[in-house]
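User: Please take a close look at one part of this structure and describe how it sits among its neighbours. A connected account would suit me better than a list.

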Amino acid sequence: MNFYLGMDFGTSGARAVVINHQASSMAEIKYPWVDEAGADLATTWETALFTLLGQIPEKLRRNIQAIAINGTSATVLLCDAIGKPVDAPLLYNDGRGSVVLPQLRNIAPLHHNVLSATSSLAKLLWMMQQPTFSQARYFLHQADWLGFLLHGHLGVSDYHNALKLGYDVENLKYPQWLEHLQLPIQLPTVLPPGTPIGKLRPEIASQFNFPGDCLVCAGTTDSIAAFLASGVTSPGEAVTSLGSTLVVKLLSRTRVEDAQYGIYSHRLGNLWLTGGASNTGGAVLKQFFSDAELEKLSSKIDATKASELDYYPLLQPGDRFPINDPHLPPRLTPRPDDPVEFLHGLLESIAKIEARGYELLEEMGADKLTRVYTAGGGAANSKWCGIRERHLNVSVVACMNREAAYGTALLARRGVRR
Ligand code: ADP
């Protein structure tokens with residue numbers, strides 16, 4: 001029996017999922033982040049990595065053929081010639097790069113995705129101004145560094161993590177404007193996610209009883225890993241995440257980019273994962289209803305009937321997708337006395353925004369929507385699925401799996417099958 005290991009280093013903790021050849025999950029282990037006073041971030045990740053390896057049942061470990069790791073997008077660090085971090089990593093949401101944005105605007109093309117305070121490139125330029133930079137040799141993403149701990153090759157990344165560094169995923173090279181900067185640091189060599197990079201270091205393989213030829217593959221980012229977990233494989237299929245916000249992702253044969261709407265595409269082999277994020281979503285529902293109320297009141301909604309209420313549910317003014325207007329006012333009136341009617345109006349309105357989102361992606365050239373998988377807190381709401389089916393005109397189903405670690409295990413399985 002062959003097994004494959006996916007490891008997710010997410011925002012709330014790390015997880016490991018082992019799957020078999022048929023992609024069935026065989027084991028799932030969690031390692032929550034706890035605030036350990038004095039512990040530095042990189043050491044915490046390393047501890048999580050090896051703790052998880054040690055907790056995988058030994059009978060599975062003995063037959064793990066490949067491992068892949070996902071990190072949070074744009075979580076980055078600098079390390080020296082032997083891979084030791086020279087300073088604390090910068091997390092995905094660290095905005096210190098805002099000070100280099102004026103400089104970056106003179107370098108990168110207009111509307112490029114690196115032109116954000118949290119992009120990997122903005123973080124690198126900020127790090128270059130710090131005293132510790134003089135000791136740095138390699139700039140790595142979280143997943144690259146954790147992969148390095150397993151395979152021992154420094155300076156290797158994947159094109160999902162490298163997107164926010166400015167890597168050109170269409171032409172599979174660093175763009176000229178980035179090459180011309182001649183940054184005094186080794187940028188990672190970029191491989192397709194899932195590509196085998198090297199064998200698991202022999203001392204780790206023997207310590208944990210992994211096969212001597214177990215491969216460590218190029219990784220991905222947490223949100224792409226969650227998409228891979230959903231089971232979507234064909235152009236036209238999509239995943240809507242109904243969490244605090246509304247995020248749509250549509251698999252397409254064409255690449256769609258529009259910085260105005262915050263739309264960009266990740267490469268997935270020969271396909272593109274296009275998408276956008278709206279500020280509407282569950283956070284607005286939460287303002288009015290508890291989860292229990294949402295369940296109880298939803299059950300009373302007749303999903304076949306359209307609500308006449310026309311809202312744009314937002315917590316505060318402004319949305320980017322599918323309406324790009326930083327001042328767009330929340331529209332939550334008139335509010336009927338009956339909470340079932342009010343909730344019906346909210347769910348119907350969010351469904352309309354979702355449908356408009358997919359319509360916009362199609363107008364920009366993405367493949368026509370054929371089926372929508374759903375993730376997030378709203379996925380379990382069957383009445384909402386019914387309402388959404390009316391607006392989307394395609395079937396709406398729950399995701400097979402939502403675990404990023406599972407998606408990354410699929411990537412590891414693909415790595416050895418290629
Ligand atoms: P995130 O990870 O983005 O914070 P989750 O995926 O955990 O969000 O989803 C939480 C959201 O789901 C909450 O905002 C909540 O209002 C919403 N939610 C929970 N239960 C339901 C339900 N039955 N119907 C619709 N929305 C729900």
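What follows is a close look at strand S15 in this predicted model, with a helix added for a second view of burial.

Analyst: Strand S15 covers residues 271–278. Seven of its eight residues are buried, so the strand is largely enclosed by the rest of the structure. Buried here means under 20% relative accessible area.

Two strands pair with S15, among them S13, residues 246–252, which runs antiparallel to S15 and is joined to it by seven bridges. Within this pairing, leucine 251 has leucine 273 of S15 as its bridge partner. Strand S14, residues 264–268, also pairs with S15 in the antiparallel sense, over five bridges. Leucine 273 appears here again, with histidine 266 standing opposite it. S14 and S15 form a hairpin with two residues between the strands, where glycine 269 takes a positive phi near 60°.

Helix H1, residues 41–55, gives the second view of burial. Its buried residues are Ala42, Thr44, Trp45, Ala48, Leu49, Leu52 and Leu53. Seen down the helix axis, these residues fall within an arc of 165°, so they line one face of H1. At the N-terminal end, aspartate 40 caps the helix, with a side-chain oxygen 3.3 Å from the backbone nitrogen of alanine 42. The length of H1 agrees with expectation, because 15 residues at 1.5 Å a residue should span 21 Å and the end C-alpha atoms are 21 Å apart.

Key. Residues are numbered from 1 along each chain as its sequence is written. This is a predicted model: local features need pLDDT of at least 70, side-chain atom pairs count only at pLDDT 80 or more; totals for chains, interfaces and linings use all residues. Side-chain values use heavy atoms; hydrogens and water are left out. Buried means under 20% relative accessible area, exposed over 50%, partly exposed in between (1.4 Å probe, protein chains only). Helices (H or I, at least four residues) and strands (E, at least two) are DSSP runs, numbered from the N terminus. Two strands pair if DSSP finds at least two bridges between them. The expected span of a helix is 1.5 Å times one less than its number of residues. The arc is that of the directions from the helix axis to the C-beta atoms. A polar contact is a pair of N or O atoms within 3.5 Å; within protein, one must be able to donate a hydrogen and the other to accept it, and residues adjacent in sequence count only if both atoms are side-chain atoms.
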